[in-house]
Amino acid sequence: MSTKPYGVNELREMFLSFFESKGHLRLPSFSLIPQNDASLLLINSGMAPMKPYFTGEVEPPRHRVCTCQKCIRTGDIENIGKTARHGTYFEMLGNFSFGDYFKREAIHWSWEFLTEVVGLDKDRLYPSIYVDDDEAFDIWNKEVGVPADRIFRFGKEDNFWEHGSGPCGPCSEIYYDRGEKYGCGKPGCTVGCDCDRYMEVWNNVFSQFNNDGQGNYTELAHKNIDTGMGLERTICVLTGKKTVYETDAFTDILAKIAELSGKEYGADEETTKAFRIIADHMRTSTFILGDDRGVSPSNTDQGYILRRLIRRAVRYGMQLGMPDGFTCEIAKVIINQYRNAYPELERNAAFVIDQLTLEEGRFARTLKQGNKEFDKVASRAADGKIDGETAFHLYDTYGFPIEMTVELAKERNLTVDTAGFEEAFRKHQELSHQGAEQKFKGGLADTSEETARLHTATHLLHAALRKVLGDEVAQKGSNITAERLRFDFSFGRKVTKDELAQVE
């Protein structure tokens, strides 16, 4: 363990300053909302927003770059609170080379930072390499001086990074031995075991091939480096904490939850789970809302993920007896903690608080009614299963995301017909589209001068709505005749009279 228990803000600055000293340009975190990348809803890795630099489509500002990237992964959302290691928001520290340095420098600098700057014990660090990457082995063994029996060779599943076609290559990870007390106790427990003893703290990705999408690999003319170190995970190692929730990434947030609820973190299993879910989901929601390209809660895309996180936090907040408006109080703590590293949080604080107030209030009202309805549904579930139509009714009428219905059902040893839910949802969408067509027929077919004038007016009206209310205004339809126009739009809350007057 290091001689000093660093905090997240301190370690972040140490990393970025170190790579600046190695000739890297420090860039601010990219937005959490991807630009020109339909493959992602939210940025989930340090390299994701820099794909154009790796492919050569865009010239990078410098060929050596370092960042601390805001990242979100929601694939394991049901495991938040249940396990010690799952989380939705995290910060990925990374150093990148676009056709500049390669394996030798990347390996040496990762070792230098971990052992000399941070102060981790060399004898507790174990590198892994791709099974046939003898070049990386020689650098680790002959140059860095790591004994051969502490260098692990893993196959493609573990130590080769690729995502469909495009740049790809072998990896070299660095694991830290946290000690026997974190192990599984099984004979032969070592690097690569699923237990919490050997924790990955660094990953060097050597992007040296191009995959044509058919499994054919050719050498890249300009080889790249993409490395990453999970900030929260490394803080766990440095402080000797069992989970990230015991580090300073969460201590202030958990203290605020304790203050508002009158409960104690760690008091029992259910209370601990609720604390963790609220802390994790509120941190993620605050960063999504506080992003300069922040979105509002909605039923589609990023807005749906955001709504799901907020509503899950509200549900567990109510379970703890939290007061109305608790989401805003927690968000204020998060903004204060991270405002220096991410000034956009403070810049967009009013929007964060406004959206949380609206979403918490909206869901708290429907949740009270919905819980009563769910109790009835659960009591009459045939063969221990909630049918799809009923699950859709809970979604459509009470705002229950299907994931919440599944989660509540699981707590009562019930299952949900999710396929039936999807079918009911699809039918509902078809009926809605048909209705929008019985509603808006005629529309643009009339090309008279009066209609053309009103058609132009709808564009002006849309622009005025977005100017007054913001970019989250979404057009849902319009009906134009020679006499009048109607413009339908969605927005996250009721529009005030003053706002309507400004639009007019």
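Two strands count as paired if DSSP finds at least two bridges between them. Keep that in mind as you open this predicted model, because the tour starts among paired strands.

**Stop 1: strand S7 and its partners**

Select residues 166-177, which form strand S7. Is this strand enclosed or open? Here 12 of the 12 residues are buried, so S7 is largely enclosed by the rest of the structure.

Now add the neighbouring strands one by one:

- Show strand S4, residues 125-130: three bridges join S4 to S7, and the two run antiparallel. Pick Tyr126 and you will find its bridge partner in S7, Tyr175.
- Show strand S6, residues 160-161, which pairs with S7 in the antiparallel sense over two bridges. Phe160 has Pro170 of S7 as its bridge partner.
- Show strand S8, residues 198-211, where the antiparallel pairing with S7 runs over 10 bridges. Look for Cys171, which stands opposite Val205 in S8.

While the strands are on screen, a general point may help: in a regular strand the side chains alternate between the two faces of the sheet.

**Stop 2: a buried acid**

Val205 leads us onward, since it is also among the contacts of Asp226. Select Asp226 in strand S9, residues 217-230. Which side chain of opposite charge is nearest to Asp226? That is Arg73, at 9.1 Å, and Asp226 is buried yet has no salt bridge. A salt bridge would need a side-chain nitrogen of Lys or Arg within 4 Å of a carboxyl oxygen. Leaving aside neighbours within four places in sequence, the contacts of Asp226 include Met47, Phe54, Phe96 and three asparagines: Asn95, Asn203 and Asn204.

**Stop 3: the nonpolar core**

Next, colour Phe113, Leu114, Trp140, Trp202, Ile257 and Ile330: these have the most contacts inside the largest nonpolar core, a set of 109 residues. Helix H8, residues 269-290, gives the most to this core, with nine residues. Zoom in on Phe113 and, beyond four places in sequence, you can find it in contact with Leu11, Met14, Phe15, Phe18, Val118, Trp202 and Met229.

**Stop 4: Ser31**

Finish in the loop between strand S1 (25-26) and helix H2 (51-55), where Ser31 is found. Is Ser31 buried or exposed? Its relative accessible area is 18%, so Ser31 is buried, the cut-off being under 20%. Turn to its side chain: a polar contact of 2.7 Å joins it to the side chain of Asp291, and one of its polar atoms lies 3.0 Å from the backbone nitrogen of Ile33. Beyond four places in sequence, Ser31 is also in contact with Ile43, Gln69 and Arg293, among others.

Definitions and conventions
Residues are numbered from 1 along each chain as its sequence is written. This is a predicted model: local features need pLDDT of at least 70, side-chain atom pairs count only at pLDDT 80 or more; totals for chains, interfaces and linings use all residues. Side-chain values use heavy atoms; hydrogens and water are left out. Helices (H or I, at least four residues) and strands (E, at least two) are DSSP runs, numbered from the N terminus. Buried means under 20% relative accessible area, exposed over 50%, partly exposed in between (1.4 Å probe, protein chains only). A polar contact is a pair of N or O atoms within 3.5 Å; within protein, one must be able to donate a hydrogen and the other to accept it, and residues adjacent in sequence count only if both atoms are side-chain atoms. Contact means heavy atoms within 4.5 Å. A nonpolar core is a set of buried Ala, Val, Leu, Ile, Met, Phe, Trp, Tyr and Cys residues joined through side-chain atoms within 4.5 Å. Lys and Arg count as positive and Asp and Glu as negative; His and the chain ends are not counted.
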